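Here is a short set of exercises to work through with the model open beside you. Try each task before you read its solution.

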Amino acid sequence: MHSKLQAALCLTHPPVAVYKTHQPPEGSLTMPEGSHGCVIALLAAAAKGKTAAFQENTIGCPGGKAGLGFVPLKPGFMSDFLSTGNDARPGMRYKETPALADDYIHSLPHTPPPEWLVFQPLDQVAETVNPLAVVFLVNADQLSGLITLANYDRPTQGNVKVLFGAGCVQSILYSLCQEEAGGDTCYLGLTDPSARLHIPPELLSFSLPYHRFLELEGKVEESFLTTETWKRICHRISRKLELGYPR
């Protein structure tokens with residue numbers, strides 16, 4: 001589908017749809033079986049027009065398996081790895097203690113594991129496919145527009161959350177689980193330092209359940225996204241692209 005938000009936010013590429021399937025699209029990028037590469041690299045590829053597909057056995061990273069909903073994280077090795085490490089391997093030091101890492105692991109939501117999980121540019125998704133989530137990779141100006149719009153039609157203030165997590169958990173798992181639970185929460189993500197190595201430095205992710213994405217699509221023409229203020233911001237975004245800033 002064509003996205004009104006893509007145009008309104010001055011995105012050079014469409015947002016990425018995330019969905020489960022029994023058979024991925026022909027020609028999808030995949031990771032070699034057991035690869036320890038970061039799935040965020042393929043999210044970045046999907047944001048540039050490619051389609052990527054994953055099975056459990058193609059992801060060697062335990063965090064990646066969890067972040068895409070294949071296998072939940074388990075305390076033990078991961079608790080040490082996320083925190084202080086052990087005699088065999090240094091830790092990432094993203095949590096102060098293994099106990100705090102355990103708390104994070106136990107807090108993660110769960111989704112029925114897919115056979116395949118696909119990242120695909122939204123404008124390439126077949127009409128027969130029902131996406132579960134949509135992911136935008138955006139700069140600060142574009143993020144400001146999405147956060148403002150996510151609060152535009154709501155009386156509450158917790159409509160966009162920033163939760164600790166691996167990059168794939170932040171950008172994929174949280175919004176997948178929201179869609180399946182019927183929730184509306186949107187998530188700012190890719191604050192994970194390890195994941196940031198795989199995307200341009202000016203970008204973050206904004207992820208939301210698919211039904212909430214459709215709601216926001218319907219708000220574009222009545223919202224601030226048509227005002228002079230936003231037009232000036234779009235001009236600034238476009239000007240940066242003309243000057244050769246990273247996309």
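The exercises below go from the whole chain to single elements and then to one residue.

A note before you start: this is a predicted model, in which local features need pLDDT of at least 70 and side-chain atom pairs count only at pLDDT 80 or more, while totals for chains, interfaces and linings use all residues. Residues are numbered from 1 along each chain as its sequence is written, and side-chain values use heavy atoms, with hydrogens and water left out.

**Exercise 1. Describe the overall build of the protein.**

Step 1: Begin with the secondary structure. The protein has 10 helices and seven strands, where helices (H or I, at least four residues) and strands (E, at least two) are DSSP runs numbered from the N terminus.

Step 2: Turn to the radius of gyration. At 18 Å, it is close to the 18 Å that the globule rule gives for 247 residues, so the protein is as compact as a globular protein of that length. The radius is taken over C-alpha atoms, and the rule is 2.2 Å times the number of residues to the power 0.38.

Step 3: Add burial. Of the 247 residues, 50% count as buried, meaning under 20% relative accessible area with a 1.4 Å probe, protein chains only.

Step 4: Finish with contacts (heavy atoms within 4.5 Å). Among those between residues at least 6 apart in sequence, 74% join residues at least 24 apart.

**Exercise 2. Find the partners of strand 1 (residues 16-21).**

Step 1: Look for pairing, which requires that DSSP finds at least two bridges between two strands. Strand 1 pairs with strand 3 (residues 116-121) in the antiparallel sense over six bridges; here Lys-20 stands opposite Leu-117.

Step 2: Check strand 4 (residues 133-138). Three bridges join this strand to strand 1, again antiparallel, and Ala-17 stands opposite Val-134.

Step 3: Assess cover. Five of the six residues of strand 1 are buried.

**Exercise 3. Is helix 2 (residues 39-46) enclosed or open, and what covers it?**

Step 1: Seven of its eight residues are buried, so helix 2 is largely enclosed by the rest of the structure. Among them are Val-39, Ile-40 and Leu-42.

Step 2: The cover over these buried residues includes strand 1, strand 3, strand 4 and helix 7 (167-181).

**Exercise 4. Place Ser-205 in its surroundings.**

Step 1: Ser-205 lies in strand 7 (residues 204-209).

Step 2: Ser-205 counts as buried, at 0% relative accessibility.

Step 3: Leaving out residues up to four places away in sequence, Ser-205 touches residues including Val-135, Phe-136, Ser-171 and Tyr-187.
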